[in-house]
Amino acid sequence: MASENSRRYRRKNRMRVMAMAVAAVIVFVIAVYSLSVSSFQMGFEEAWGMVYRYFLGIAPEGYREVLIEKIIFQYNVPRTIAGVFVGIILAVSGAVMQTVTRNPLAEPYTIGISSAALFGVSIALVYGWCIVPGLDHDMGMVVNAFLFAMLPCAAIVFISSFKKMSPTMMVLVGIGMMYMFSAFTTFIKFNASDEKLEEIYRWSIGTLSDVKMDDLLPLAIACIIVVLGLMFLAKKINVLMSGDKVCQSLGVRPTRIRIYCFVLVSIGVATSVCYSGTIGFVGLVAPHLARLFTGSDNKLLIPASGILGALMVLGGDVIVRLLTGGLPVGVITALIGSPLFLFFLYRQRKSAF
């Protein structure tokens, strides 16, 4: 009987891994296709012919080829790669947040990261203030967004060093920080010009259209740190799901594990927000969809969530480029992801959370 259960478990795990591999292949196919998608009309073969010639060192001939090469390598390539990184960071962070807080409605922005980052961007846009002096306007915005985004995590770590905090208390501290920074940002908006208001709004809804090649390295580093760090903690996060008393009996310190997770999530999401703004919905829904297929084992849930997150962000951005370049990608991910989420929840007979 035990051997039969063991074989059944291994067979189920193989099916889950195969499903993840299929999803990863779909992400790759969409990424390949996305390089040829823009408001400028060009065919798939024409775009990839230009990519082939670029790597052979063949210079483009004529105005059209020069323009296509510029669109592909200055806009499409960084936008596609950034979509993968941002999707992975948000989805993986959302999966861990839901687990460590034991809250199915938790997401990466729950502890106030996005609101704090928006405040940092707002003071840079409206008043020209930068925490680190001597930086240009764009870099000053990025630095402000990152440093302010880390403040909610710093507050949680600071309070936890003096007082034992439950998962609910940590979330409430983050929500309090979120409302505080939102109030500060609203006050700044009252003193902002129409042009500055438009920039703040555009940044707050999230977009990949402003990502440049130089932005990919910080996103890649943040993505690697978050994924590897959370995968290293996956076993302890699994134990955390059994309750704090069980954790302590097994030698796992639950508060310390939660703080480690919050720090990793804050680093990843703060970096993501700096370059793509606030792309909502992905960190909430992608982990739930992954959980329906993989269950609650974080060794499978974390990579599966990352793949689905990349699929959601990248697929949404491709649809945005096919329809209109000005539509925020978060709108598309919500329009497509929410019906799928409700459908899978309807089909799921047992709770997987």
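Author: Buried means under 20% relative accessible area, exposed means over 50%, and partly exposed lies in between. The model discussed here is predicted.

Reader: Is Asp317 buried or exposed?
Author: Asp317 sits in helix α14, which spans residues 298–323. Its relative accessibility is 1%. The limit for burial is under 20%, so Asp317 counts as buried.

Reader: Which residue, 238 residues apart in sequence, does Asp317 pair with?
Author: The partner lies in helix α3, so the pair ties together distant parts of the sequence. The closest N and O atoms of this salt bridge are 2.9 Å apart. The partner is itself buried, with a relative accessible area of 11%. It is Arg79.

Reader: Which residue joins Arg79 and Asp317 in a network of salt bridges?
Author: Asp317 has a salt bridge within its own helix, α14, to a residue four places away, about one turn. The closest N and O atoms there are 3.1 Å apart. At 6% relative accessibility, that partner counts as buried. The residue is Arg321.

Reader: Which residue forms a salt bridge with Glu46?
Author: Glu46 is in helix α2 (residues 44–56), and its partner is in helix α3, 18 residues apart. Glu46 is partly exposed at 33%, and the partner is partly exposed at 38%. The closest N and O atoms lie 2.9 Å apart, and the partner is Arg64.

Reader: Which helix gives the most to the largest nonpolar core?
Author: The largest core has 90 residues. Those with the most contacts inside it are Trp203, Leu230, Cys261, Val269 and Val282. One helix, residues 62–100, contributes 12 residues, the most given by any helix: α3.

Reader: How many residues are in the second, separate core?
Author: This core stands apart from the one with 90 residues. Leu35, Val51, Ile71 and Ile72 are among its members. Its size is 10 residues.

Reader: Are the rings of Tyr127 and Trp129 stacked or edge-to-face?
Author: Tyr127 is partly exposed at 33%, whereas Trp129 is exposed at 53%. The ring centres are 4.8 Å apart, with the planes at 25 degrees. Planes under 30 degrees apart count as stacked, so the pair is stacked.

Reader: How are the rings of Phe148 and Phe181 arranged?
Author: Phe148 is in helix α5 and Phe181 in helix α7 (residues 167–190), 33 residues apart. Phe148 is buried at 12%, and Phe181 is buried at 4%. The centres are 6.4 Å apart and the planes meet at 85 degrees. Over 60 degrees the label is edge-to-face.

Reader: Which residues form one aromatic cluster with Phe148 and Phe181?
Author: The structure holds 10 aromatic pairs. Phe148 and Phe181 form one of them. Their cluster also takes in Phe119 and Phe184.

Reader: What is the area of the nonpolar surface patch that includes Val132?
Author: Val132 is in the loop between α4 (113–126) and α5 (137–149). At 36% relative accessibility, Val132 counts as partly exposed. Its patch partners are Ile131, Leu135, Met139 and Leu147. The patch covers about 380 Å².

Reader: What separates the C-alpha atoms of Ala19 and Met139?
Author: Ala19 is in helix α1 (residues 2–34) and is partly exposed at 42%. Met139 belongs to the nonpolar surface patch. The two are 120 residues apart along the chain, and their C-alpha atoms are separated by 40 Å.

How values were computed: Residues are numbered from 1 along each chain as its sequence is written. This is a predicted model: local features need pLDDT of at least 70, side-chain atom pairs count only at pLDDT 80 or more; totals for chains, interfaces and linings use all residues. Side-chain values use heavy atoms; hydrogens and water are left out. Patches are made of residues with over 30% relative accessible area and no salt bridge: like charges are joined within 9 Å, nonpolar side chains (Val, Leu, Ile, Met, Phe, Trp, Tyr) within 5 Å. Accessible areas come from the Shrake-Rupley method with a 1.4 Å probe; for residues, only the protein chains shown count as cover. A salt bridge is a side-chain nitrogen of Lys or Arg within 4 Å of a carboxyl oxygen of Asp or Glu. Helices (H or I, at least four residues) and strands (E, at least two) are DSSP runs, numbered from the N terminus. Buried means under 20% relative accessible area, exposed over 50%, partly exposed in between (1.4 Å probe, protein chains only). A nonpolar core is a set of buried Ala, Val, Leu, Ile, Met, Phe, Trp, Tyr and Cys residues joined through side-chain atoms within 4.5 Å. Rings of Phe, Tyr and Trp (its six-membered ring) pair if their centres lie within 6.5 Å; planes under 30 degrees apart count as stacked, over 60 as edge-to-face and the rest as tilted.
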